[in-house]
Amino acid sequence: MSETRQGRVVKVAGPVVTADGMTGARMYDVVRVGKLNLIGEIVELHGDLASIQVYEETVGIGPGEPVIDTEAPLSVELGPGLIESIYDGIQRPLDLLVEAEGEFMSRGSAMPGLNRKKRWLFKPTIENGAEVSVGDIVGEVKEGPLLVHKIMVPVGVQGKVENLNEGEYTVIETIGVVKAADGSEIKLKLMQTWPVRNSRAVINRLAPNQLLITGQRVIDTFFPIAKGGTACVPGPFGTGKTVVQHQLAKWVDADVVVYVGCGERGNEMTDVLTEFPELKDPRSGEPLMKRSVLIANTSNMPVAAREASVYTGITIAEYFRDMGYVVALMADSTSRWAEAMREISTRLEEMPAEEGYPAYLGARIAAFYERAGRVNCCGKPKREGALSIIGAVSPPGGDLSDSVVQATLHVVKVFWSLMAKLAQQRHFPAIDWLTSYSFYKEYLANCFEDKDQADKMVALTIESMGLLEQESQLLEIVRLVGAEALSPTDRMALETSRSLREDYLHQNAFHKVDTYTSMEKQYELLGMIMYLHKQSLAAIAKGVSIEDIFKLPVREEIARAKYIPQEEIAKVVKIRETIDEQIGKCKS
Amino acid sequence: MLSIKEYQTVTSISGPLMMVEMVDAAKYGHIVDIELGDGSIRHGQILQVENDKVLVQVFEGTSGIDVEKSTVRFLAKPLELAVSPEILGRVFNGLGQPKDDGPAIIPTKRLDINGQPINPYARNYPNEFIQTGISTIDGLNPLVRGQKLPIFSGAGLPHDQITAQLARQASVLGHGEQFAVVFAAMGITFEAAQFFINDLHETGAIERSVMFVNLANDPAIERIATPRFALTCAEYLAFEQDMHVLVILNDMTNYCEALREISAARKEVPGRRGYPGYLYTDLATIYERSGRIKGKDGSITMVPVLTMPEDDKTHPVPDLTGYITEGQIILSRSLHRKAVSPPVDVLPSLSRLKDKGIGEGKTREDHADLYNQLYAGYARGKEAQELATIMGEAALSAEDKKYMTFANEFETRYISQGYYENRSVEDTLNLGWELLSMFDDSELKRIDVDLIKKYMPRFRNKN
Ligand SMILES: Nc1ncnc2c1ncn2[C@@H]1O[C@H](COP(=O)(O)OP(=O)(O)OP(=O)(O)O)[C@@H](O)[C@H]1O
Ligand SMILES: [Mg+2]
């Protein structure tokens with residue numbers, strides 16, 4: 001490496017450093033800045049001047065200090081060891097940094113993303129002599145109890161596999177070679193690298209056709225997200241964006257979850273780190289940590305690394321998708337990412353567009369969400385993977401006309417609108433049922449094996465949403481003339497809407513049972529509430545007084561039904577009998 | 001150590017900023033001394049270096065600085081605070097210089113006031129209940145050690161009384177352990193600062209306090225450094241001296257205005273209401289310095305105070321603060337008018353870490369259910385109160401009237417306790433039950449039936 005290109009710092013303005021003598025450097029090359037050896041990335045080139053966004057605090061850097069071009073773009077290391085890791089925005093392992101340097105982040109430390117010493121048992125899945133090319137799976141490593149890590153042929157490699165042997169390898173040891181047609185040999189390793197700003201190739205993209213089940217009733221039932229779909233959660237502070245993201249990270253039926261804490265609180269990452277190893281995945285019974293990768297670039301960590309963090313996260317997510325897995329990525333909060341972009345842009349003295357954001361804000365946001373999707377993955381064997389993205393958005397003052405919200409709404413297919421008013425009423429999740437939407441609703445039926453159940457569920461969601469919409473109009477009338485002026489059917493509609501809100505939509509994330517509701521239980525709960533509605537209306541038609549209906553003791557049971565554990569779901573089903581019984585006793 | 005270099009090459013001055021040219025080897029973020037023609041010294045920090053041109057922000061302001069006669073000394077280090085265990089009990093100005101007549105601090109070390117971010121992996125989740133003796137906090141919005149919980153106040157509201165009460169009363173339940181108090185005053189009045197300091201004197205708490213005081217008539221730009229001095233001191237006490245530290249930052253709105261002034265002078269693209277686009281990140285580097293660290297005994301709990309211009313919660317200062325802190329205590333002008341003290345606006349106030357610090361073994365098993373019920377009851381009662389003001393009390397249903405009575409009682413007995421009553425959490429919880437006893441048990445839907453049996457006064461008296 002004696003030939004490395006070396007420039008000189010000429011200007012320092014916060015996180016952006018300008019260097020001269022950089023002729024020949026390429027955009028997005030990683031550089032080392034100053035005597036402290038800070039890590040940076042070239043984001044602008046003008047003749048021999050390079051503007052560099054520095055991933056670490058630049059205090060103490062000044063003109064004349066050296067800048068060294070590593071001549072490689074910002075990349076992540078992909079291979080066994082990703083699962084259960086916690087990284088900063090540029091894939092430095094935070095746990096190992098604490099060990100090496102203490103509780104506070106020091107500067108200039110480069111530490112590889114993947115452990116170099118750990119050995120993994122590798123089992124080939126193809127024969128020596130086979131022809132391989134990009135994306136082909138050559139073997140497997142069992143990574144923890146949940147995940148089979150598929151080892152894939154990296155980009156640019158094609159030829160005949162030789163010397164591929166079962167054995168225990170570190171990520172940088174050679175597991176076999178690929179002999180190209182021209183006789184050259186490329187060594188295969190458990191690890192490959194990928195530049196984070198480029199999306200990983202796929203054969204083609206497919207329309208999503210399955211829901212990603214989250215166990216959150218308001219989401220799954222009314223505003224579902226698909227495997228390979230995109231969603232955003234905008235809302236003012238304290239309305240529950242992070243809790244929604246955490247709930248999804250915990251309960252979605254994905255094989256791998258990548259959680260990016262982007263410019264948010266340190267304690268929220270600690271929360272994940274303490275909870276996930278304890279919580280069990282409802283499907284496998286294994287700790288949730290065994291399928292998770294965490295990226296934590298908190299609000300007080302350098303902004304340039306925050307800008308990079310979502311790319312680091314999405315690249316890792318794509319890599320698992322390429323193995324044929326269902327992957328979900330949560331980014332909390334994409335507004336902080338956009339602000340990092342704005343800050344860098346300002347220091348580069350670029351022409352600002354709206355609210356000071358760079359003109360390319362919309363394009364960057366769109367490109368990020370475009371990396372989601374259900375796809376046919378590259379390589380043999382033929383396989384499908386899916387990557388969903390769920391982004392939180394934190395608009396100033398909760399104002400949805402904010403640039404980041406608007407640019408995001410242009411591209412995502414699901415909108416969970418969090419309302420300050422609901423949060424203040426402690427109605428959680430504070431997802432507003434009147435303004436939220438999902439383009440994936442049509443796949444709800446696919447969640448049920450039983451065709452009849454599927455049809456019923458779809459009908460139930462339409463009916464109940466109809467009631468909720470009606471409620472908002474009726475409440476207007478009540479405000480003007482009082483509830484007594486309403487017809488019994490309208491009063492019944494109000495009462496059932498209240499029950500839908502309190503007994504169904506409201507879901508306590510911190511309650512042991514309520515935190516997750518299976519699709520089957522969602523069907524039973526919603527069915528039960530609407531059954532009472534239907535039976536009540538029938539009784540009213542026969543002359544039963546609405547006051548008697550309102551006083552039915554079964555309402556208490558309905559209110560508590562969501563706390564009935566999954567194993568005892570028969571008890572939920574039985575409530576319908578109680579409804580019949582009690583209504584039957586009403587005098588008409 | 002680099003030798004100190006001197007220059008007389010100030011080329012321009014504009015607002016709080018000064019340009020110095022032909023400077024060799026200046027470093028971003030380092031500090032300078034500026035010697036004026038009359039021999040007086042000012043202090044500055046380097047905001048930008050480009051080749052040999054250096055842009056300096058002058059903490060004491062630039063008025064009276066002369067382009068010709070000033071000498072700028074480059075000190076080749078960032079702003080630092082000299083610390084030693086003797087720092088307790090001392091008063092400093094906003095730039096960390098002793099302001100009392102105590103002796104100079106003989107430092108055991110000098111710390112960069114910018115600090116370093118805590119590695120998120122090294123954090124310990126805050127979960128130890130702090131008894132503040134204030135019912136609206138302990139009962140409804142519990143504060144835990146290591147939390148950052150701001151007070152959103154307004155001009156003329158009694159936030160000074162509340163912070164003094166907190167400093168006086170806060171202790172960790174069961175340990176009776178007192179907090180060390182680090183107080184940063186930014187642009188507050190002499191009276192407000194003196195009120196707080198006198199209070200600490202009276203209770204003897206001054207011995208375990210450190211003050212950094214920048215008053216309303218002190219240089220505004222200095223305020224940018226003041227909270228950083230305070231937090232550097234707090235980190236030293238918490239993580240090197242094993243103390244539990246309560247940091248009070250008052251008033252963050254003034255801090256943000258100083259930041260806005262610099263940003264405007266630099267002609268940066270302004271964000272909302274003229275505040276710079278990086279205000280969020282800048283505030284985060286302050287607020288995120290609170291917390292607990294694995295393997296360390298001390299902690300930093302932070303109570304920033306800010307006044308909301310026009311009581312507007314969506315103003316950038318409260319808005320961005322709320323996006324960073326772990327909840328907020330909001331004061332209400334209408335409660336203040338009704339002489340409810342402290343006038344905590346219960347419904348929009350929130351402690352996000354409450355659930356981890358309460359319950360069996362921490363406070364009491366009924367705590368969570370109880371605050372949910374009180375909250376729901378008060379929310380309903382407030383609606384009734386509002387209805388009554390619009391339509392007259394006669395228009396209320398019997399049900400609504402009951403809830404209104406509850407809300408009134410709740411305000412006068414639970415919320416309003418004065419600034420000198422130190423209620424134990426036990427008393428706060430029992431008072432909650434007493435207020436709820438006006439309802440039938442079946443109305444208390446948020447409370448577990450067994451807990452009602454155990455704690456409701458009418459049952460307790462029977463046992
Ligand atoms: N589903 C839920 N169940 C119970 N409580 C909830 C739920 N969602 C949110 N909360 C409550 O609301 C509080 C705020 O939620 P959260 O931290 O997710 O807000 P946020 O929108 O991420 O705010 P910020 O933008 O400031 O990060 C939580 O601490 C919790 O008390
Ligand atoms: Mg959040």
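The backbone oxygen of Glu421(B) sits 3.0 Å from a polar atom in the side chain of Gln417(B), and that residue is a good place to start a tour of this predicted model.

## A buried glutamine in chain B

Gln417(B) belongs to the loop that runs between helix 11 (398-415) and helix 12 (425-436) of chain B. Is this residue buried or exposed? Its relative accessibility is 9%, and because buried means under 20%, Gln417(B) counts as buried. Besides Glu421(B), the side chain of Gln417(B) also reaches the backbone oxygen of Gly133(B), at 2.8 Å. Setting aside neighbours within four places in sequence, the residues in contact with Gln417(B) are Gly133(B), Ile134(B), Ser135(B), Gln165(B), Ser341(B), Pro342(B) and Arg423(B).

## Where the two chains meet

Now step back to look at chain A and chain B together. Their contact involves 59 residues of chain A and 60 residues of chain B. About 5200 Å² is buried between them, with carbon and sulfur atoms giving 55% of that area. On the side of chain A, Phe237(A), Arg265(A) and Asn267(A) lose the most area to chain B, together 16% of what that side buries.

Polar links join the chains as well: 26 residue pairs are in polar contact across this interface, counting pairs with both residues at pLDDT 80 or more. Which elements of chain A give two or more residues to the side that touches chain B? They are strand 1 (6-13), helix 1 (94-101), helix 4 (266-275), helix 5 (303-322) and helix 6 (334-347). Helix 4 of chain A provides the largest share, 6 residues. The interface also holds 4 salt bridges, including one between the side chains of Glu268(B) and Arg347(A).

## Two domains of chain A

Within chain A, the domain assignment gives domain 1 (5-73), domain 2 (204-440) and domain 3 (451-587). The centres of domain 2 and domain 3, taken over C-alpha atoms, are 32 Å apart. Their contact takes 20 residues from domain 2 and 24 residues from domain 3. The area buried between these two domains is about 2000 Å², and carbon and sulfur atoms give 64% of it. Arg217(A), Phe222(A) and Trp433(A) supply 39% of the area that domain 2 buries against domain 3, more than any other three residues.

Arg217(A) also takes part in a salt bridge with Asp514(A), and the count between domain 2 and domain 3 is 1 salt bridge. Here are the two salt bridges named in this tour.

| Side chains | Distance, N to O |
|---|---|
| Glu268(B) and Arg347(A) | 3.4 Å |
| Asp514(A) and Arg217(A) | 2.9 Å |

Between the same two domains, 15 residue pairs are in polar contact, with both residues at pLDDT 80 or more. On the domain 2 side, helix 2 (217-222) and helix 3 (241-251) of chain A each give two or more residues, and the largest share, 5 residues, comes from helix 2.

## The nonpolar cores

The largest nonpolar core has 87 residues, and Met330(A), Trp416(A), Met528(A) and Ile579(A) touch the most other members. Helix 12 (residues 519-541) of chain A gives the most to this core, 11 residues. Why does the core lie between domain 2 and domain 3 of chain A? It does so because both domains give residues to it.

For a closer look, take Met528(A): not counting residues up to four places away in sequence, it touches Ile558(A), Ala561(A), Val572(A), Ile575(A), Arg576(A) and Ile579(A). Another core, of 77 residues, lies apart from the largest one, and among its members are Met191(A), Ile314(A), Ile316(A) and Phe320(A).

Terms used
Residues numbered from 1 in each chain as written. Chains lettered and ligands numbered in written order. Predicted model: local features only at pLDDT ≥ 70, side-chain atom pairs only at ≥ 80, totals over all residues. Heavy atoms only, no water. Core = buried A, V, L, I, M, F, W, Y, C linked by side-chain atoms within 4.5 Å. Buried < 20%, exposed > 50% of the residue type's maximum accessible area, 1.4 Å probe, protein only. Helix = DSSP H or I, 4+ residues; strand = E, 2+ residues; numbered from the N terminus. Domains from an automatic or database assignment. Contact = heavy atoms within 4.5 Å. Buried area = accessible area lost by both parts, 1.4 Å probe. Polar contact = N/O pair within 3.5 Å; in protein donor to acceptor, adjacent residues only side chain to side chain.
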